[in-house]
Amino acid sequence: MLVADGASKRTALVDAYRGLAAEGLLLLSAGNLSLREGDRILITPTGADQSIEPEQIVLIDRNGEVGGQGIPSSEWPMHAAIYEARPDVMAIVHTHSDACTALSCLRQPLPAFHYMVAFFGTDAIPCAPYAHFGSPDLARGAAETLGAGNACLLANHGMISVGRSMAEAAKGASLLEMLARQYILALQAGSPVLLSPDDMAEARRRYGYYGRARIPQA
């Protein structure tokens with residue numbers, strides 16, 4: 001039987017949801033957030049919106065069994081699949097933010113047009129194949145496409161950002177939306193010049209020091 005979790009993680013989920021909604025990244029009930037809770041998952045409920053409260057967060061196991069009350073987001077299988085595939089991931093943000101969703105409808109990756117793509121640990125942000133929302137196919141495709149990176153697009157759907165904390169995953173969601181918007185603007189002006197693999201490798205090296213220490217020169 002599942003037992004109640006500490007209130008702090010529920011509050012962190014609600015704060016992150018409201019913050020992303022205030023940025024315009026979570027419109028109406030389009031999106032869901034979760035946190036790893038041991039071998040279980042804390043996830044926003046189905047139909048959640050900006051009025052969400054901590055007591056509405058749903059505790060589930062990896063099979064979707066609810067501990068307590070509430071109905072989890074229909075995307076719980078996708079969250080469960082990612083946590084299963086990535087033991088390092090502690091938090092997941094999924095949104096239908098405008099620029100990311102528009103880009104996902106092209107079914108193409110977000111390439112290395114800007115060095116900040118390296119924030120996500122890859123040279124490009126891949127796009128998962130289309131599958132119906134809430135389906136096992138979407139869960140499997142999202143986890144496989146994410147791979148070892150920290151973000152991906154979902155074809156004709158939206159995006160996913162993961163992190164070692166909810167703050168990191170939420171930051172990734174905001175950054176990815178900014179990059180998608182900038183890439184779309186660049187496409188309108190011409191053909192963006194992409195950075196080389198060496199450029200991206202150096203950007204990732206520098207990100208290892210960003211916000212922590214002075215960056216030593218290579």
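Strands β4 (residues 91-95) and β7 (residues 158-163) are a good place to start in this predicted model: five bridges join them, and they pair in the antiparallel sense. Along this pairing, Ile92 stands opposite Val162 of β7. As you trace these strands, remember that strands of a sheet pair through backbone hydrogen bonds, in either a parallel or an antiparallel way.

Now step back to the whole sheet. It is open, has seven strands and shows mixed pairing, and reading across it gives the order β3-β2-β1-β4-β7-β6-β5. The edges are held by β3 (58-60) and β5 (127-128); each has a single partner strand, so one side of each is left without a neighbour in the sheet.

Next, look at the helices that meet these strands. Helix α1 (residues 7-22) lies across β1 (31-37), β2 (40-43), β3 and β4, and it runs at about 155° to β1. Helix α2 (residues 76-85) also packs on the sheet, where it touches β1, β2, β3, β4, β6 (151-154) and β7. The direction of α2 makes about 40° with that of β1.

Finally, let us turn to the second largest pocket, which holds about 240 Å³ of space. Which helices each supply at least two residues of its lining? They are α5 (166-189) and α6 (197-207), with α6 giving the largest share, five residues. Among the lining residues you will find Tyr115, Met116, Phe119, Lys171, Leu175, Asp199, Glu202, Arg206 and Ile215. Sorted by class, the lining of this pocket has eight nonpolar and four charged residues, and no polar ones.

Terms used
Residues numbered from 1 in each chain as written. Predicted model: local features only at pLDDT ≥ 70, side-chain atom pairs only at ≥ 80, totals over all residues. Heavy atoms only, no water. 1 Å grid on protein atoms, 1.4 Å probe; cavity = no way out; pocket = protein on both sides within 12 Å on 5 of 7 lines; lining within 4 Å. Points joined across faces, edges and corners; volume = space filled by probe spheres on them. Helix = DSSP H or I, 4+ residues; strand = E, 2+ residues; numbered from the N terminus. Nonpolar A, V, L, I, M, F, W, Y, C, P; charged D, E, K, R; others polar. Pairing = 2+ DSSP bridges. Contact = heavy atoms within 4.5 Å. Axes fitted to C-alpha atoms, helices over the stretch in contact; angles between N-to-C directions.
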